[in-house]
Every structure is written in structure tokens, then in C-alpha cells.
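Hi,

Here is the structure I said I would pass on. Have a look at it first, and my notes on what turned up are underneath.

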Amino acid sequence: MTDYAVALEAAWLVRDVSAVDDAIGVAVSEAGKRLNSAGKSYVDVSVGATSCPACGEAFEAAFVTAETALVGLILELDIFNAESTDHATRIAKKEIGGALRQVPLAVLAVEAVEESDTV
């Protein structure tokens, strides 16, 4: 059995905002509250990044139009004693998906965690 670090991307919808910074703040806050209330305080929430199609430069994954925003969030957690990367992915999706119902999730990365020799 191996430990894995799993990163999932979530599409978070925020209504009644006019600025990207406000949308990001609301999205991170709402996701954190829902995860914490479900006992999932071990999930790290951050804003994702996307690339400009014209120049390729990275920017925060948030888009606001008509006072509605779509914010891309990164949800990271450690999965312990999984049989494989697929198993770790299924566990992560179940853990987060249960707390964030009706929020689209996609797998960004799954990496095996090196065991440390510290006791």
C-alpha cells in the first residue's frame, strides 16, 4: 500500500459578484466552509491557474460576466494506504465529492508520496 498526494480541480459558480478578486474570495470561502462542516478540514483549497490562449501566460482561473463567476479551484489532499493511483483517485473523489455535491471535479495530478525515515 502506498500514500498518494491527489490534486483535483473544481468548477465553482459564484453569483452576484462584479470583480474577479471578489469571486475568488467567495469561492475559496464557500468551498472551505462546506469542506470544514463535513469534517474535511485536511483538504487544501486554492485558486487554479489557466493559460492565456493568445500569449500563453498564466493567470488565475476565474471568469466574471453578468455578475456571475466561474472559478477554478484546486483541492489537494493526501490519501493513505491506497492500492494504486486509480484507487487513490476514487478515494479522493469520494471524500471531496461527498462534501461538495453537484460541483464538477477533474483529476489534475496523483503522485506517490515518499515515505520519510523520521520516527
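**Salt bridge first**

The count of salt bridges comes to 1. Before going further, please keep in mind that this is a predicted model.

The pair in question is Lys40 with Glu95, and their closest N and O atoms are 3.0 Å apart. It ties together distant parts of the chain: Lys40 sits in the loop between α1 (20-37) and β2 (44-47), while Glu95 belongs to helix α2 (residues 85-99), 55 residues apart. Are the two partners buried or exposed? Lys40 has a relative accessible area of 17%, so it is buried. Glu95 comes out at 25%, so that one counts as partly exposed. As a general point, side chains of opposite charge can pair when their charged atoms come close.

On charge overall, the protein carries 8 positive and 19 negative side chains. The centres of those two sets lie 14 Å apart.

**The overall picture**

There are 2 helices and 7 strands in the protein. Going along the sequence, they follow the pattern β-α-β-β-β-β-β-α-β. The C-alpha trace spans about 50 × 35 × 25 Å along the principal axes. Of the 119 residues, 30% are buried. The exposed area is about 7400 Å², and carbon and sulfur atoms supply 49% of that.

How much of the contact map comes from residues 24 or more positions apart? Taking the contacts with a separation of 6 or more, such residues account for 72%. A few individual residues further down show what that looks like locally.

**Cysteines**

The structure holds 0 disulfides. Cys52 is in no disulfide, and the nearest cysteine sulfur to it is that of Cys55, 3.6 Å away. From the other side, Cys55 is in no disulfide either, with the sulfur of Cys52 as its nearest, at 3.6 Å. A pair has to be within 2.5 Å to count, so a gap of 3.6 Å does not make a disulfide. As for accessibility, Cys52 is at 21% and therefore partly exposed, and Cys55 is at 57% and therefore exposed.

**Backbone oddities**

Most residues other than glycine have a negative phi. Two residues here go the other way. Glu67, which is not a glycine, has a positive phi of about 55°. Where is Glu67 placed? Glu67 is in the loop between β5 (62-65) and β6 (68-82).

The other is Asn81, whose phi is positive too, near 60°, again in a residue other than glycine. Asn81 is found in strand β6. Its relative accessibility is 47%, so Asn81 counts as partly exposed.

Asn81 also turns up in a long-range pairing with Thr2. The C-alpha atoms of Thr2 and Asn81 are separated by 4.9 Å, with their positions 79 residues apart along the chain. Thr2 is found in strand β1 (residues 2-15), and at 28% relative accessibility it is partly exposed. What does Thr2 touch, not counting residues up to four places away in sequence? The list is Ile79, Phe80, Asn81, Ala82 and Ala112.

**Two more threonines**

Thr68 is placed in strand β6. With a relative accessible area of 24%, Thr68 is partly exposed. Leaving aside neighbours within four places in sequence, Thr68 is in contact with Leu13, Val14, Arg15, Val17 and Phe63. Then there is Ala23: Thr68 and Ala23 are 45 residues apart in sequence, and their C-alpha atoms are 8.3 Å apart in space.

Thr89 lies in helix α2. Is Thr89 buried or exposed? At 14% relative accessibility, Thr89 counts as buried, because the limit for that is under 20%. Residues up to four places away in sequence aside, Thr89 touches Val107 and Val110. Thr89 shares helix α2 with Glu95, the salt-bridge partner of Lys40.

That is what I have for now. If you open the model, I would start with the Lys40 and Glu95 pair, then go on to Cys52 and Cys55, and then to Asn81 with Thr2.

Cheers

Methods:
Residues are numbered from 1 along each chain as its sequence is written. This is a predicted model: local features need pLDDT of at least 70, side-chain atom pairs count only at pLDDT 80 or more; totals for chains, interfaces and linings use all residues. Side-chain values use heavy atoms; hydrogens and water are left out. Helices (H or I, at least four residues) and strands (E, at least two) are DSSP runs, numbered from the N terminus. Buried means under 20% relative accessible area, exposed over 50%, partly exposed in between (1.4 Å probe, protein chains only). Contact means heavy atoms within 4.5 Å. Accessible areas come from the Shrake-Rupley method with a 1.4 Å probe; for residues, only the protein chains shown count as cover. Lys and Arg count as positive and Asp and Glu as negative; His and the chain ends are not counted. The place of a charge is taken as NZ of Lys, CZ of Arg, CG of Asp or CD of Glu. A salt bridge is a side-chain nitrogen of Lys or Arg within 4 Å of a carboxyl oxygen of Asp or Glu.
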